[in-house]
Amino acid sequence: MAQLFTPAATTAFRVAIVLLGVGIVAAGATAYVWARADSTWKVGKPAPQPVPFRHDLHSGSLKIDCRYCHSTVERAADAGMPSAQTCMSCHSQVWVGASVLDPVRTSFTLGQPLEWTSVHRLPDYAYFHHAAHVTKGVACETCHGRVDQMPRTVKAQTLSMGWCLDCHRDPVPKLRPREAVFTMGYEAHGGDLPDDIREFYREASRRLTSCNTCHR
Amino acid sequence: MTQRLYGIMAEFRTPRALTEAVRAAQRSGFTKIDAFSPFPLTDLARELGVRTTVIPWIALVAALIGAALQYGSQYWMNVVDYPLNVGGRPLNSWPAFIPSTLIVAILWAGAATLLGLLLILRLPRLHHPVFAVPDFARVSEDRFFLCILSSDPLFDPDSSRRFLETLSPEAVREVPACG
Amino acid sequence: MSSVAQSSTSPVADVALSRRFGSMWWIALLASGALVLLLGYTLISVALLGVGVWGVNIPFVWGFDLINYAWWIGIANGASLFAAILVLRRHDLRTSVNRFAEGVAFFAVICAGIFPIVHLGRPWLFYWTFPYPATFQVWPQFRSTLTWDFWAISTHVVVTSLLWYVGLIPDLATLRDRARRRTVKRIYGILALGWRGSVIHWAYHQRAYRLVAILVLPLILVMQSTVAFEFAVTLVPDWHETRQPLHFVATGLAQGLSIVLLVAMLLRWGLRLGRYIDEEDIDLLGRLVLASALVSGYLYLDEFISALLADGLTREATISRMTGSEAGLYWTAIVYSVVIPQLFWMKAARQSTVAGVFVGFSIGVGIWFDRFSIIVGGLQTDYLPSIERTYSPTLVETGLFLGTIGLFTALLLLFVRFLPVVSMFETRHDEHQEKSS
Amino acid sequence: MSEDAPFDLDALAARLAAEDGPRLWRSLEELADRPELRRLMEAEFPDVFEASSVDRRTLLRLMSASLALGGLAACNGGDAGSHAPLLSQSRNMPGYTPGVPVTIATSLPLNGFGRGVLVKSQEGRPIKIEGNPLHPASLGATDVFAQAEILSLYDPDRSDTPLQDGSPRRWEELTRFIRPVRNELVVGEGRGLHILMAPTSSPTLHRLISYTRELFPHAQWHVFTPIDDDARRAAVLDGFGRDLDFVYDLTQADTIVTLGGDLFAEEPGHLRYAADYQKRRRMRDRELPRLFAIETRPSLVGARADERIVLRPRDVDAFVRGLAASLEAGVAPAPDVHPSVPRLAELLRRAGPRCLVVAGREMPSEVHALALAINTRLGAFGTTIRAIEPVRPIIDGAQTLHDLAKAIEADQVSHLLVLGGNPAYTAPADLDLPSLIRRVPHSLHLGQHRDETASVCRWHVPETHPLESWGDLRAFDGTVGLRQPATMPLKPALSAEEFLGLMAGQTVDGQGLVQATWREVWGEGFEARWARSLEDGVVDGSALPSIDIAWRSDWRPEPAAPVSSGGIDVVFAPDPSVWDGSYANNGWLQELPKPLTKQVWGNAALIAPETADIFGISSGDAIDLTVEGRVIRAPVWVMPGHAPAAVTLTLGYGRQQAGRIGNQIGFDAYAVRPSRRPWIATGEIKVAGQRIPLISTQHHHALQGRDIIRVVAPGQDTPQDSDDRPSLYPEWPYEEHAWGMAIDLDACIGCNACVIACQAENNIAVVGPEEVAKGREMHWLRVDRYHSGEPADPSTYFQPVPCMHCEKAPCEVVCPVNATVHSSEGLNDMVYNRCIGTRTCSNNCPYKVRRFNFLDYQGTDYTPSADAMNPQVTVRDRGVMEKCTYCVQRIGAARAGARVEDRRLRDGEVMTACQQACPTQAIVFGDVNDPDSAVSRLKKDRRSYALLGDLNTQPRTTYLARIEIPAEEG
């Protein structure tokens, strides 16, 4: 009786089995990497904005303090977006005729808000409080990156829950003295933290990793 | 008759005949022999010197690994990595961690045993010289075969064939090596 | 030159290899296929609209979903437990019933596996019960019986299917060798992985096969208990009972046996396998079914007595399950799973196909009502009178149940069509031993 | 003056024309008109702005605008929120931080009386209403109706365009119609003009009314409300010879007798009375007050009373006569007195001036008179009662609805103006008002809905919601609360004030009208007082002074009419959920379980168990009820404690044109309400042999002898649960705070305010009748109601049940995915976004307080507008579990605030919604780690116990046993 299969068939079959296994593992690995990739989280991806605002000019070159525009960052959950009036307080003098500023002027005259696209929007079940972080020594830079070098505002971190937890589990290394919160490119070293804050957070991880700290 | 051989195969009607043949072959000093049957012949296997004790060892080791991994991961996840107060229970609620540990141990043992089996038997092997033997198909139903492999030091196509024919088989056939 | 063998087991192989199959089979397949479509429909409607399409509410958060789950898993566990015991005892019965007992177990666990997923409010997130490194860095909660169940089901699927398949390999080889058409030969050839019946292979094969059979025992016990724990660990007065695991294991075994009996009878009759599943086998099976029914009966009695001895609310709860508005479920369960099987005291009944099918069926029904009675009737009495409600299943729920029955039958039909329903090599082995002894 | 009118009409047209369609911000034209905005435009940037303080309307507009454009992130389920844009306001708004809600003090009307509230407004959208602590009628508490006004505000069925004969018209067309008609009327001095409105306490309205009357001297005013106090007024006029209102001071009372009605639910000052009564009970130095309820239909006050005396309405008169007689209150001793009269009389006599006898509004005037006679006789005036000028002054010459009906029949009515209300629905059936109104050549209805009345009037004009417009209201004691808008009008509409202003040829700017009123009153220093009053929500010192009055010495009651034996007494009552029907289209209220029956989505004819046995019917069986020849079919509800041979019908259901939610729900009791005896009539019952399914959230009402509600005698302890219950589990440390709650069953009156406050605060879905019938209601906080004792006259207990936040929470252990776990402060967190919906946690919750989204409850007809949602609380998707969170968002907000200010949280800084709404402070929340916190003190109280404590789940929510004076003490 003749052979049903050639020797090659055996090899092929075995290879197929091995490949199947490898394929499964590979798929898992890919998924793992993809889920953490910056592109997945739109890190560094600018969004279309009504006005080509440049943080690198305002914050970087002109050294305007973050709080001049994001005025409620130290007392409210929302950092606050500058009102058209705030913009106009300078731009009624400089760049008066610039067409790129038309939306701002329109907003100001008609009392209609200006609609920016958020690049840092969290899902609606996650609640973030700017003041609570800023007043405890979490710097703008820590989450928003070197805004002072951004021609177009982009996300600097994934802002994934895991990323939040990394800090919430042990905040102290990431914290800064209050006066350094708004500086960019500051070298964080826990050494110059006020002791009360260090104390406050030494035992804080349990509270900071409680679900209701961010989810309600 | 110039083609290389895998061995020479004798066909028998009954398991007893096969057993006799095997014993005879062993008496006459053949070492590289293989027997084929439509159902397990445990005694014959023992005579052929098969020791299957490795199987339970595979199972045991796999079970231990599985259990360790499962309990370890439970411990690491619920106690070390993200300790949460769940219903005021202790972080390391070992009694509650036991059941899935046990189950996963079984999962590993079972899977390892059966996959290990295939590895030991070098299966799958779709092509094998013996399949070329006419009538060998009946090994899966009602025929018993003894094969003296060409790799046996005492193997010689003619003498071996003659030897087999002395065992009053149904038939003796050459098994061409695959090439 | 090559002749076709005519061994004792050839007819079994020829069933699988026969070119065309009886119209009965086709009708049955179409019927069950229709039910599978129904299953698909109900699954889709649940996925689109939510579990609200069922009759569930607060406090009856679980309805047919868990009833059917507990029922199917009971069949699966009972059947494999039975099969495993036979293998270990090297009992003659194994040759005849193991193959499809394991089959029944495998198909039942597939049906059971559907429910834990679809009963979720957000089924598409079921994999969150599996510990994988997610970007949100939250892990499963391993104290939960549901997590145990997740592992139990996956393990059950893997181990039973492997066990089943490894048992099949030599018989697949037989089919390969008997098949006439080359493509068929090739298909079975690939499935047989090139089995060539070497005595050495046989030795390892048997060792491994029996070892996994041993492993199945604790698995089944743990798993069936886990199902029971899902109720026993809660604070619900009637559920919070140490007897639950015992109850689930014992009734589960009865269930498994009954379905095995049912299938055995049908196969015997449908495929004329009287020679392989003979009177003795059937009789023995009948005795076992009767025994298991008696055990269930004993457990019901124990349940009743321990309720009387229990403290206030537990007693009230259990009694109200037996006498309250849902008492019908409880008594149906007893009648079908304990009373009717008493038929088997008569040898005639044990031998008769009709009686066998009837009893097997009735035990299945009985245990289903038992699960219903526990899951729904058990919630009749709760701690606060203010939360007491009623539960009434909807058509969608019923459809889901019938659908899984259809799926089970369909799988079974395909199994008998394409695979040897009794273990051929075991049969040969037995015959050989009978001759030699 | 009439010359100004056209201008105003044009202004009106201009203002409203641009507003067709439900827009949230005003048109650009109008924006440009605003003087302060013009100032801004002309001014130099940016300094001038700091100088000119922006006024609230601009603020609201800008905030509304941002809302209109932005929507809000937190309010669409799933990740829809992740696309919400960032908004730059066009102007800096001093005192306003984006995302931080603004609180606005205002007043809400109920039956013409004001209740002071604080409206929390997020980005210009009112999202929550709390009581105003400064307001005497609220003291910080709210009732269900005040809470539910939020939903009424966003009611999509509110009318937004004028209608002529049912078809929509533009505002210009309306003004084009009004102008000639008005001029013609002015010329005719208002002959043939009849104006129908509900009694009101608003000084501004009364000022405008008088103006209008100057302009139309011959116009005839009619006053009508379905919830009238005519019987009491008759008695007062009879006894004191003048019209008066009464204010009760329950803190002074030792013995209180209520004759029908519901002091804690239906009186204008009900919140205050409930609070005062509890305050009185809490006075350690004085022995507990005695509260007796003589009533036909079980009521909240009856449930709270030390003793209920169940009487058929027709027997009350004899009872009170007996009482009055035995107190020598100028009544001849009656032959056969009720057995408990002597005891009651004795207690009243003992109480002397500290007694109080109150008759409910459904009682006939004789009963009211006798009650007043008793109060006078025992000298209660001055201690427990004071008389004040009527809070809702009578428009002199004003006539009743009957007179209107007669006038129309006599064809004397050429113009009919219906200012608010829905008389076509609420009028007694025998008047057949709808067809009468149809006969009027020119009829105009001002109302919030295109309701029954709108459909019978030629014209319908949309009316603003009280939260959208300016006005003022007096509370039960006369205290004035200014009503200021908490949002820009969501729909173009006019307020009654503005409409009258229009008719009176005044401005159509509500703010101007109200200011004018008070400028008159205050004269000098108006600005300061105005500002302060707006801020406080009350005009201080505006409570009406007591006036001394003398009971007619020669007063004698008419001889008792012989008690008729025939028929069955039919009692009409305002509905605890929809009042007179005006709240019928409010999903929250429709789904709110009625305090005593726990019925939702409908009403029923309440009858006594005894009556039910006589007719051989049970709850859900339909009866045909005949009153004066009119028949309705209604399902019965067998109400333990209801008087036999009597049936109670609650008003407000069976609406035909309430809106998509309120239509065709329940039966319309007005259809058999006789105009002569609107409260208590006589009728006949016939079994209809039909079943009408009733939906209720509680099916078992017996305690079944279980240790659920604990009752102690005064000063007695509740059996203390042994604290040394062994536990295998470790103690978990809670370093900073450990939140806990104590609920005082002695204080709870079952008013449901907490339930609906919770619903409003936590975006709890309305699921609709079908789902509730299946047992899927979503209320995080439920009020269980239990009866004990025999059905004829049981004691009734209320028990609010929120999540217990057990230390050893059984629910958490069984969740496979860590979706519900303990927080570091001991909260039992529920993480919606982690939940996969196994529902096993609910299975394992002995209190069954968990709620599940069986279907997508956010996309149904019952789902309120996203604007009504609280952005601080995640809206739950289909398939996730939810439950009481102890208002974790409030804790979070307070904690964040404290962090920013670098201080610890203060006790009482975090208030849960239920706690804040409760009129009797029955719910106390706080930090149990702090031994001095209010909640810790209560948990140390000897009455404190844990519900199902023996399960040893160690609940953080505990209860205080109810105090009852054992019966034998008499």
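The paragraphs below walk through a predicted model, beginning with the contacts between its chains and ending with individual charged pairs and a nonpolar patch.

A good place to start is the meeting of chain B and chain C, where 67 residues from chain B and 60 residues from chain C take part in the contact. Between them these two chains bury about 5600 Å², and carbon and sulfur atoms account for 73% of that area. On the side of chain B, the residues that lose the most area to chain C are Ile103(B), Leu114(B) and Glu141(B), which together make up 13% of what that side buries. Polar contact is also found here, with 23 residue pairs across the interface of chain B and chain C, both residues of each pair being at pLDDT 80 or more. The elements of chain B that each supply at least two residues to this side are strand E2 (33-36), helix H2 (42-47), H3 and H4, and the largest share, 17 residues, comes from H4(B). The count of salt bridges between chain B and chain C is 1; Glu141(B) forms a salt bridge with Arg178(C), and the closest N and O atoms of this pair are 2.7 Å apart.

The interface of chain C and chain D can be read in the same order. Here 51 residues of chain C are in contact with 52 residues of chain D, and the area buried between the two chains is about 4200 Å², with 54% of it given by carbon and sulfur atoms. In chain C, the residues that lose the most area to chain D are Ile58(C), Arg122(C) and Arg389(C), together 16% of what that side buries. Chain C and chain D have 5 salt bridges between them, and the rule finds 37 residue pairs in polar contact across their interface, again with both residues at pLDDT 80 or more. Helix H2 (23-49), helix H5 (145-178) and helix H10 (312-323) of chain C are the elements that give two or more residues to the side touching chain D, and H2(C) provides the largest share, 4 residues.

Two of the charged pairs between chain C and chain D can be followed by name. Arg389(C) forms a salt bridge with Glu777(D), the closest N and O atoms being 2.7 Å apart. In the other pair, the side chains of Arg706(D) and Glu316(C) meet in a salt bridge at 3.0 Å, N to O. Arg706(D) lies in the loop between strand E27 (695-696) and strand E28 (711-712) of chain D, whereas Glu316(C) lies in helix H10 of chain C, so the pair joins two chains. With a relative accessible area of 14%, Arg706(D) is buried, while Glu316(C), at 34% relative accessibility, counts as partly exposed.

Over all chains, the structure holds 96 salt bridges, and some of them lie within chain D. The side chains of Arg158(D) and Glu468(D) meet in one of these, at 2.6 Å from N to O. This pair links distant parts of the chain, 310 residues apart, with Arg158(D) in the loop between helix H6 (144-153) and strand E5 (163-164) and Glu468(D) in the loop between strand E17 (459-462) and strand E18 (471-474); both residues are buried. Asp621(D) and Arg691(D) likewise meet in a salt bridge, at 2.8 Å from N to O. Because Asp621(D) lies in strand E23 (residues 621-627) and Arg691(D) in strand E26 (residues 680-691), the pair ties together parts of chain D that are 70 residues apart in sequence. Asp621(D) is buried, with a relative accessible area of 15%, whereas Arg691(D) is exposed, with a relative accessible area of 52%.

Chain D also offers a polar contact within one helix region: Asp317(D), in helix H12 (residues 313-326), is joined through its side chain to that of Arg321(D) by a polar contact of 2.8 Å. Asp317(D) is buried, at a relative accessible area of 15%, and, leaving aside its neighbours within four places in sequence, it is in contact with Glu366(D), Val367(D), Leu370(D) and Ala560(D).

Returning to chain B, a nonpolar surface patch of about 700 Å² is made by Trp57(B), Leu60(B), Val61(B), Leu64(B), Ile65(B), Leu69(B) and Trp108(B). Helix H3 (residues 54-81) of chain B gives the most to this patch, with 6 residues. Leu60(B), which is found in helix H3, is partly exposed, with a relative accessible area of 41%.

Definitions and conventions:
Residues are numbered from 1 along each chain as its sequence is written. Chains are lettered from A and ligands numbered from 1 in the order in which they are written. Side-chain values use heavy atoms; hydrogens and water are left out. Patches are made of residues with over 30% relative accessible area and no salt bridge: like charges are joined within 9 Å, nonpolar side chains (Val, Leu, Ile, Met, Phe, Trp, Tyr) within 5 Å. Accessible areas come from the Shrake-Rupley method with a 1.4 Å probe; for residues, only the protein chains shown count as cover. A salt bridge is a side-chain nitrogen of Lys or Arg within 4 Å of a carboxyl oxygen of Asp or Glu. Buried means under 20% relative accessible area, exposed over 50%, partly exposed in between (1.4 Å probe, protein chains only). Contact means heavy atoms within 4.5 Å. Buried area is the accessible area (1.4 Å probe) that two parts lose on being put together, summed over both. A polar contact is a pair of N or O atoms within 3.5 Å; within protein, one must be able to donate a hydrogen and the other to accept it, and residues adjacent in sequence count only if both atoms are side-chain atoms.
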